[in-house]
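Trainee: I'm new to this one and don't know where to start. Please pick a single part and walk me through it slowly, along with whatever it connects to.

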Amino acid sequence: QVQLVESGGGLVQAGGSLRLSCAASGSIFSINAMDWYRQTPGKQREFVSRITSGGTTNYADSVKGRFTISRDNAKNTVYLQMNSLKPEDTGVYYCSLVGSLLGSGIRTYWGQGTQVTVSS
């Protein structure tokens, strides 16, 4: 199995910053990409950012220029640096891993989420 543990969420004022972390552990054979998604009550989970095994990054238009995704391959950890936070960034942030375990095919694994609240 794969365990994804997010941390770094909290309450911050608009304009502030937070850094989320997601540590992956388990019998991971390969990682294709690691993503961040977020969800607010009553809305679907939305894509925030991705970093591939090759280091390519993608961002939702709403966070471009404010958020930066990075990773530490040695630690199987991905980070999301969030600057210039806005109240609309509030939500539960989920980490996901697209990859495979030893002897299995590629699938997506999800963490439990970490709450980010941005006050106006």
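Mentor: Let's start with a bit of vocabulary: two strands count as paired if DSSP finds at least two bridges between them. Keep in mind that you're looking at a predicted model.

The part I'd pick is strand β3, residues 18–26. To place β3, look at its sheet: four strands make up an open sheet, in the order β1-β3-β8-β7, with antiparallel pairing. The edges are β1 and β7, each of which pairs on one side only. On average, neighbouring strands in this sheet are turned by 15° against each other, ignoring direction.

Now take the two sides of β3 in turn. On one side is β1, residues 2–7, running antiparallel to β3 and joined to it by six bridges. Find Gln-3, for example, and you'll see that its bridge partner in β3 is Ser-25. On the other side is β8, residues 77–82, again antiparallel to β3 and again joined by six bridges. Two pairs are handy for finding your way along that side: Leu-18 stands opposite Met-82, and Ser-21 faces Tyr-79 in β8.

β3 also has a link that reaches past this pairing. In general, a disulfide is a covalent bond between the sulfur atoms of two cysteines. This structure holds one disulfide, and its partners are Cys-22 and Cys-95, with sulfur atoms 2.0 Å apart. The torsion about their S-S bond is about -80°, so the disulfide is left-handed. Cys-22 sits in β3 and Cys-95 in β9 (residues 91–101), so the pair ties together parts that are 73 residues apart in sequence. Both Cys-22 and Cys-95 are buried.

That takes us inside. The largest nonpolar core has 27 residues, and the ones touching the most other members are Leu-4, Met-34, Trp-36, Leu-80, Met-82 and Tyr-93. You've already met Met-82, the residue opposite Leu-18. Strand β3 is one of those that supply at least two residues of this core; others include β1, β8 and β9. Zoom in on Met-34 for a moment. Leaving out residues up to four places away in sequence, Met-34 touches both disulfide cysteines, Cys-22 and Cys-95, and its other contacts include Leu-4, Ala-24, Ile-69 and Val-78.

Before we stop, follow the disulfide across to β9, the strand that holds Cys-95. Another residue to find there is Ser-100. Is Ser-100 buried or exposed? Its relative accessibility is 6%, and anything under 20% counts as buried, so Ser-100 is in the buried group. Its side chain makes a polar contact of 2.9 Å with the side chain of Ser-30. Apart from neighbours within four places in sequence, Ser-100 also has contacts that include Ser-27, Ile-28 and Phe-29.

So here's a route to retrace on the screen: begin at Gln-3 and step to Ser-25, find Cys-22 and cross the disulfide to Cys-95, then go along β9 to Ser-100.

Methods
Residues numbered from 1 in each chain as written. Predicted model: local features only at pLDDT ≥ 70, side-chain atom pairs only at ≥ 80, totals over all residues. Heavy atoms only, no water. Disulfide = S-S within 2.5 Å. Buried < 20%, exposed > 50% of the residue type's maximum accessible area, 1.4 Å probe, protein only. Core = buried A, V, L, I, M, F, W, Y, C linked by side-chain atoms within 4.5 Å. Contact = heavy atoms within 4.5 Å. Polar contact = N/O pair within 3.5 Å; in protein donor to acceptor, adjacent residues only side chain to side chain. Axes fitted to C-alpha atoms, helices over the stretch in contact; angles between N-to-C directions.
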